[in-house]
Amino acid sequence: EREGDPAGAYDYYITGALILTKSNYDAASLAVLKRAIAIKPDIERAHQMIGMLYERGDAPVTAIYHYRKSDPEAKNQDLLLHLAFLAHTTRNTALKKDMLAKAYALDNENPRVWFTDAVISASDGDHKRALPLYDKSIALDGDLAEVYYYKAISEEKVSGRLSTVGSLKKA
């Protein structure tokens, strides 16, 4: 607690940052959030918002840092998947693998885990590896249209022809 920053003042900073962010005042929101974490460095919500702002500002490495600070116990599976994808885009293979492993460990029955892994594999050009991952995602939840769409793209890349009508019809 600092002079002029009574206990709990960081809550007001978070609220102010939310308002500024919704009004597209990202620089001001970032300044307010930085003030909040200066008061209380372990505010997970502030780090998550800072991560989003840095990601939006095309600074994925800094975004990754703050996203990770927002979930120090690595219990937010959606965030782990998002981090895996960001790590992939920054070519941080070790972090990508670590985040995917943690996401699988939390709940390997979540079709989004398999789908994210498949999309990352396909993005790396490994469509053969992606196909069974898409299939597992579909087996867990056959109502995710985007999985069929991306699977169709990988099927075409593997076969060299448009043999994807079956997947696209299901989408």
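In which helix do Lys-151 and Glu-155 both lie, and how many residues apart are they? Both residues belong to helix H9, which covers residues 145-159, and they are four residues apart, a spacing of about one turn of the helix. In this predicted model, their side chains meet in a salt bridge with an N to O distance of 3.6 Å. Lys-151 is buried, and Glu-155 is buried as well. The pair also belongs to a wider arrangement, since salt bridges with shared partners join Asp-135, Lys-151 and Glu-155 into one network.

## Overall architecture

The protein is built from 10 helices and has zero strands, so that its elements, read from the N terminus, run α-α-α-α-α-α-α-α-α-α. Of the 171 residues in the protein, 41% are buried. When contacts between residues at least 6 apart in sequence are considered, 42% of them join residues at least 24 apart. The accessible surface of the protein comes to about 9700 Å², and carbon and sulfur atoms account for 51% of that area.

## Salt bridges

Side chains of opposite charge can pair when their charged atoms come close. Across the whole structure, a search finds six salt bridges, including the three set out below.

| Salt bridge | N to O distance |
|---|---|
| Lys-96 and Asp-124 | 3.1 Å |
| Arg-129 and Asp-117 | 3.0 Å |
| Lys-151 and Glu-155 | 3.6 Å |

The side chains of Lys-96 and Asp-124 meet in one of these salt bridges. Because Lys-96 lies in helix H6 (residues 93-106) and Asp-124 in the loop between helix H7 (111-123) and helix H8 (127-140), the pair ties together parts that are 28 residues apart in sequence. Lys-96 is buried, with a relative accessible area of 10%, whereas Asp-124 is partly exposed, with a relative accessible area of 46%.

The side chains of Arg-129 and Asp-117 likewise meet in a salt bridge. Here Arg-129 lies in helix H8 and Asp-117 in helix H7, and the pair therefore ties together parts that are 12 residues apart in sequence. In this pair the acidic residue is the buried one, as Asp-117 has a relative accessibility of 5%, while Arg-129 is partly exposed, with a relative accessible area of 37%.

How values were computed: Residues numbered from 1 in each chain as written. Predicted model: local features only at pLDDT ≥ 70, side-chain atom pairs only at ≥ 80, totals over all residues. Heavy atoms only, no water. Helix = DSSP H or I, 4+ residues; strand = E, 2+ residues; numbered from the N terminus. Buried < 20%, exposed > 50% of the residue type's maximum accessible area, 1.4 Å probe, protein only. Contact = heavy atoms within 4.5 Å. Areas by Shrake-Rupley, 256 points an atom, 1.4 Å probe, with all protein chains shown as cover. Salt bridge = Lys/Arg side-chain N within 4 Å of Asp/Glu carboxyl O.
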